[in-house]
Amino acid sequence: MRKQNFVIILPWIIPGSLGTSFKAALEEIIQSALVDLKMKFDIDRDEQSTNITIKHENDYFTINILASTIILQFLDLNENERLIVDEIVKKIKESGIDLPKEFLVSSSVTVDSNRDKLSKLVTFRYGEDYIPASIRLIHEQKNIRELITIEQVGIFSSQLILLVEVISEDLYEGITHVISERSKMLKILG
C-alpha cells in the first residue's frame, strides 16, 4: 500500500514587529478561501507556540500558519487540492500581499519495491555485495533547485521512501516539476 503526502510552503520574510498582524491576515485569507470553497474545517490555536492549525473535518488537508509562513499539507495534489491552492493564492493577491519570492514544494511516497532497484540506479564501487540504503540527487536549473531522496525503510524492508523537494521562484512551476519528477522516479522504482 502506498503512503504519500504533498506539502507546499509559502515563506515570507517580514520584520518581526509585523509578525502578529501578518499572521492574523494570513489566517483571515485562508479562512475566507476555505469558506468560499464551502470547506468544513476546524481551527486549533496552540497557545504555547502561537501556531495556528486549520484542518479539514475528515483530515483531507492540514494548513499550519506560523509567524510568516503558510504550510499546506495534503495526501496528494489532485484537482480538489489544486482548487484550494488556487483560491488561497487568489485571496493573497486580492489582499494586496505580495507572494513570497520562493516556494518549497515537496512530495513523499512510500512504495513497495524490489531492493535491487536502488542498486540499479547507482554504480557502486564495492560490487553486488553492497546495496545502497539511500540515494540523494541534487539538480539545479534556472528557477528551480531540486533534491530527490530515495531511501530504504529498514534493513529487511522491501519498502522505499521517495522524497522530491523543490525550491522554485514560481509556485505552479514548482508543483508541476514535483509531480513530473515523482512520476518519473515511481516508474523507475515501480
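Here is a short walk through this structure, from its overall confidence to its sheet, its helices and its core.

Keep in mind as you look that this is a predicted model. The protein chain has an average pLDDT of 85, and 84% of the residues reach a score of at least 70. Among the elements of the chain, helix H2 has the highest mean pLDDT, at 94, while helix H3 (residues 116-121) has the lowest, at 64. Where pLDDT is low, predicted coordinates should not be read in detail.

A good place to start is the sheet. Nine strands make up an open sheet, and following them across gives the order E2-E3-E4-E5-E1-E6-E9-E8-E7, with antiparallel pairing. At the edges sit strand E2 (41-45) and strand E7 (134-140), each of which pairs on one side only. On average, neighbouring strands of this sheet are turned by 15° against each other, ignoring direction. As a general point, strands of a sheet pair through backbone hydrogen bonds, either parallel or antiparallel.

Let us begin at the E2 edge. Strand E2 pairs with E3 over five bridges, in the antiparallel sense, and here Arg-45 stands opposite Ile-52 in E3. On the other side, E3 is joined to E4 by four bridges, again antiparallel, and Ile-52 has Ile-65 as its bridge partner in E4. Strand E3 (residues 52-56) is largely enclosed by the rest of the structure, because four of its five residues are buried.

Now jump to the E7 edge. Seven bridges link E7 to strand E8 (residues 144-152), and the two run antiparallel. One pair to look for is Ser-134 with its bridge partner in E8, Glu-151.

Next come two helices that lie across strands of the sheet. Helix H2 (residues 79-94) lies across strand E1 (3-11), strand E4 (61-65) and strand E5 (69-74), and runs at about 165° to E5. Helix H4 (residues 171-189) lies across E1, strand E6 (103-112), E8 and strand E9 (159-168), and its direction is at about 155° to E9.

Finally, turn to the interior. In soluble globular proteins, nonpolar side chains tend to be buried together. The largest nonpolar core here has 43 residues, and the members touching the most others are Ile-8, Ile-63, Ile-70, Leu-72 and Val-85. Which residues does Ile-63 touch, leaving aside those up to four places away in sequence? They are Ile-30, Leu-34, Ile-52, Thr-53, Ile-54, Ile-70, Ile-71, Leu-72 and Ile-88. Ile-52, met earlier opposite Arg-45, is thus also among the contacts of Ile-63.

Notes. Residues numbered from 1 in each chain as written. Predicted model: local features only at pLDDT ≥ 70, side-chain atom pairs only at ≥ 80, totals over all residues. Heavy atoms only, no water. Core = buried A, V, L, I, M, F, W, Y, C linked by side-chain atoms within 4.5 Å. Buried < 20%, exposed > 50% of the residue type's maximum accessible area, 1.4 Å probe, protein only. Contact = heavy atoms within 4.5 Å. Pairing = 2+ DSSP bridges. Axes fitted to C-alpha atoms, helices over the stretch in contact; angles between N-to-C directions. pLDDT = per-residue confidence, 0-100.
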